[in-house]
Structure formats: C-alpha cells, structure tokens
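Open the model in your viewer and keep the selection tool ready. The stops below run from the whole chain to single residues and helix pairs.

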Amino acid sequence: MRISEHPGWAVVAAIFGSPRFSAALSVAAIGSALSVHVIKATMGWAGLVGILSTLVVFATVSLVARRKDLDWHGVLPLSLLVFLGWCAITIVWSRYQSSSITGVVYQLTFSFLALYVALVRDLIQIVRAVGDVMRVLLTASLALEILSGLLLDLPIAFLRIQGNLDDGGPLQGIFGSRNMLGFVALIALVTFLVERNTRSVQRGLSLYSIVLAGVLLIGSRSPISLGVAVIVLVAALAVLALRRARPELRRSLQIGMLVILVIGTISAYFVRTRILAIVGARAEFTYRLEIWNQLSNLIDYNQLEGWGWVGLWRPNVSPFFALDFVGNRQHTSGLNAFIDVYFQVGLIGLAIFVGMVGLALVRSWILATSKKSVIYMWPALILIVLLVTSAAESVILVEYGWMFFVMCMVKAAHSLSWRQGLALKPPTTELPRAGS
C-alpha cells in the first residue's frame, strides 16, 4: 500500500499541507536560522541540531503533502546544485573528513529549509515572515541591551552582550557581535521599508520597525554595516531610477551604471586607505589583511581543489586553530567569503561560486528593474547586502546568511529560469461541432 493510500495519511496531509502550517513553519525556520547564536548559547549544539532536525522532518512531510500543488519547474538553480555537489565531493580529499561531513550536512540543512520557504511561500509572504521575525529579535536585542547597559550595568557574557548602551555602543544584541547585529539590522531595514511601500503592515508598526532597525544599525557602530548601508542606498536609488525609465532607455542606463560602478570600484581601491581612515576601520582592515595573508599561504598547497569544505571553521582542527594567533582571537571564518571559498573548495569551487552569485544577482536585478511591484526589489537589495558584507565577513556561506541567499536565488531563478520553457502544457483541443 502506498503512503498516499493509507487511511491516516488524509489527516496528516490536511494538517501538514495546509497553508497555515506552511506559514508557521516558514516563520519557525527563518526565526531558528536567525537565532542560532542564542540557541547555541542557551541550549548548545545538541539543542540546535534537535531544532533543525525537527524543522527538516516537518518540512519534508509538508512538501510531500503539497507535492501536487507546487510548481517544480526551474525551482532548483543548476549553479546551486553544482556548488553543493562540489562541496560534498571535497569530503573525499579533505584533511578533516569528519568536520567536512558535518559541515556539508549543516549546509544542506539550511539549503533545504530555504528551499522549502521559497517553494511554499510567495515573495510578499516571505518578506512578511522575515519582517515578523526581525521585529521580535531586534526588539529582544534592544531590551537585553537596555537591561545590560542601563539597568544592571553588567555584561551578559553568555550572549556576548558587553553592556555598552550607556556609552552609545557598540551594541551586539543577540547576534554575538556588532558586525552581525549591524548586518541583521540592515537586512531588517530593507525588509521594513519594502513592507511600508507595499502597505503590508499597519503604519504605526511599520514606523516602529524602521526606527528600531535604524537605531540598532547605528548603535552597532559597525563600520562594515554602515558602509554597506551607503552602497545599498545607492543601489536602491539606481533601481528606482531604472524602474521609472522608459523601456527603450533602460538598457543604456544599465550599461552606463555598470561603467560607473567599475570606475567607482577601481577609484575606491586606490583611495582605500583614506576611506578606511574616514570610517574608522583601518585597524579592522589590518587585522583582516593579516588573516588573508595567512590563508594565501595555505591556499598555495591546494589551489585547484581546496582543503575541503567545512563551512564554519573548527577551532580544534588543523589548520584552523593555527590561525588563532592572528589578533589572539578564535576565528570561525576567513572574514571574506570569496577567500574562504577559495581556501576550502579551491579554484574550481571559487569559479562555481562566483558564477552562482553573479547569476543570482543579475536575475534579481532584472526582476527588480522590470517588474511592476516594489516587492521584487527585496531579493536584489538583500543579495547586495549579502555580497558586499561578505567582502569583510563570510556571512553568505553559513547559517542565516546562506539561507537568505538561497531563498533570494531560488525566487529569482523560478521567475527567469530557462527551464520554465520546458514545462509541458497540455494542448488545447476543441471538440468538433455538430454537423462539421
């Protein structure tokens, strides 16, 4: 007997296949991904694994229950499958195979949850879910900062909250560091502004959310996030200009903007020292440069295939613990997604990764500038936040950064994938009329 013919399956399908369950599970998946630091700090890795495993089981049953209602054509981008496959293949020659296996499984878990959310929810529903989760987590972050910095005047060590609110920051919230708080607050700010423009939440709640995200972004005093915010603002203005331009002029404007971007990037590289001094990030850049130099020496040993995928660095595994002498800190990443990918999966993996993120950005940019609804700006702006931040933090490779990337990538690919044309449509035939 097939599972679909079992008497109890109708009840299970009715529960797990309902839109309300999919909405709740999507919020739970996004909330769990964004709360990994809190979960690990309070429940440990065992608690996080238990939560993620439960979510995966529920999502699997839900997909089976809704398999006939979902459009599967062009859902999985081939570039994503190739990158995940190459990361898994590196287990073969990895010098830390057990860590590589757990790293690949960890990555696949967040990939599957992101795929589930992208499949069962529309883009506006995803934005609403992200907005609801962000409001709760950012409010909790501000409340704990007030508790630690003003009421108790003591740090909350297990959450890495330093209690600097009375000094104006930097704040860490429940995300472990000021850079991560700034990163999440910036994603939240983009989400809240899109919510406001689509009028999907009440005006008072929208205003509170925008102010909350802005205060925490500034309070984080993260030069990385503040710099990324400027770039995202410029990108948003460019998208709005292209959306209002006539279709026949849009291509010329895009080429002109691309030329300006290239010139601006080259100019910023030559005056990078002055820019770093202005934003107060010279010390952080020097620290990162030292790590990248050390990684460059290690990359030379396995340039083509890499050392093996691991995702989050393991502090007790060679060669990761050998890099802890840089800055006398324990590192969990290479602080640059592209260098990190080059180190872990080699030149082949880096080429796949660059092609994957480039294709995702181009697709999302086309949707943002050509679709009528403002909601299509969200994937493009979130990808820009992820990619620019990943020049100084490897956020796009693991956990909620990877989850946001996969969701945006799948949504963009689903709308513009060439495989949509392969979907077979039943021929429309008319019955012959009587007497013909």
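Contact here means heavy atoms within 4.5 Å. Keep that cut-off in mind at each stop. The model is predicted.

**Whole chain**

Colour by secondary structure. The chain has 15 helices and zero strands. Now colour by burial: 50% of the 436 residues are buried. Of the contacts between residues at least 6 apart in sequence, 74% join residues at least 24 apart.

**Stop 1: Glu399**

Select Glu399. It lies in helix α15, residues 399-416. Which residues does Glu399 touch, not counting those up to four places away in sequence? They are Val36, Lys40, Tyr106, Phe110 and Leu312. Is Glu399 buried or exposed? Glu399 has a relative accessible area of 9%, so it is buried, the limit for that class being under 20%. Check the backbone too. Phi of Glu399 is positive, about 50°, although the residue is not a glycine. Most residues other than glycine have a negative phi.

**Stop 2: α3 against α5**

Val36, touched by Glu399, leads into the next pair. Select α3 (residues 36-65) and α5 (residues 97-120). Two packed helices are described by the angle between their axes and the distance between the axes. For α3 and α5 the angle is about 50° and the axes are 10 Å apart. The two helices are therefore oblique to each other, since 50° falls outside the ranges for roughly parallel, antiparallel and perpendicular. The crossing of α3 past α5 is left-handed.

Show side chains. From α3, take Val36, Trp45, Leu48, Leu52, Leu55, Val56, Ala59, Thr60, Ser62 and Leu63. They meet Tyr106, Thr109, Phe110, Phe112, Leu113, Tyr116, Leu119 and Val120 of α5. This contact has 15 nonpolar residues, three polar and no charged ones. Tyr106 and Phe110 of α5 take part in it, and both also touch Glu399.

**Stop 3: the cores**

In soluble globular proteins, nonpolar side chains tend to be buried together. The largest nonpolar core in this model has 105 residues. Centre on Leu138, Trp378, Phe404 and Phe405, which have the most contacts inside that core. Helix α7 supplies the largest share, twelve residues.

Zoom in on Phe404. Beyond its neighbours within four places in sequence, Phe404 is in contact with Leu34, Val130, Met134, Ile187, Trp378, Ile382 and Leu386.

Then jump to a second, separate core of 15 residues. Tyr287, Ile291, Trp313 and Leu323 are among them.

**Stop 4: α7 against α9**

Return to α7 and add α9. Their axes come within 8 Å and cross at roughly 25°. The two are therefore roughly parallel to each other, the limit being under 35 degrees. Their crossing is right-handed. On the α7 side, select Arg178, Asn179, Gly182, Phe183, Leu186 and Val190. On the α9 side, select Pro223, Ile224, Ser225, Val228, Ala229 and Val232. The contact of α7 with α9 divides into eight nonpolar, three polar and one charged residue.

**Stop 5: α9 against α13**

Keep α9 (residues 223-244) and bring in α13. The axes come within 7 Å and cross at roughly 55°. That makes α9 oblique to α13. Ala235, Ala238, Val239, Leu242 and Arg243 of α9 meet Trp365, Ala368 and Thr369 of α13. Six of the residues in this contact are nonpolar, one is polar and one is charged.

**Stop 6: Gln254**

Select Gln254, in helix α10 (residues 247-270). Beyond four places in sequence, Gln254 is in contact with Leu242, Trp365 and Thr369. Those three residues also belong to the contact of α9 with α13. How far apart are Gln254 and Thr369 in sequence and in space? They are 115 residues apart in sequence and 9.7 Å apart, C-alpha to C-alpha. Gln254 is partly exposed, with a relative accessible area of 27%.

**Stop 7: two loops**

Go to Asp153, in the loop between α6 (123-151) and α7 (178-198). Asp153 is not a glycine, but has a positive phi of about 55°.

Finish at Pro319, in the loop between α12 (282-299) and α13 (337-370). Display the peptide bond that joins Ser318 and Pro319: it is cis, with omega about 10°. Most peptide bonds are trans.

Terms used
Residues numbered from 1 in each chain as written. Predicted model: local features only at pLDDT ≥ 70, side-chain atom pairs only at ≥ 80, totals over all residues. Heavy atoms only, no water. Axes fitted to C-alpha atoms, helices over the stretch in contact; angles between N-to-C directions. Helix = DSSP H or I, 4+ residues; strand = E, 2+ residues; numbered from the N terminus. Parallel < 35°, antiparallel > 145°, perpendicular 65-115°, else oblique. Left-handed = near helix turned anticlockwise from the far one by under 90°. Nonpolar A, V, L, I, M, F, W, Y, C, P; charged D, E, K, R; others polar. Buried < 20%, exposed > 50% of the residue type's maximum accessible area, 1.4 Å probe, protein only. Core = buried A, V, L, I, M, F, W, Y, C linked by side-chain atoms within 4.5 Å.
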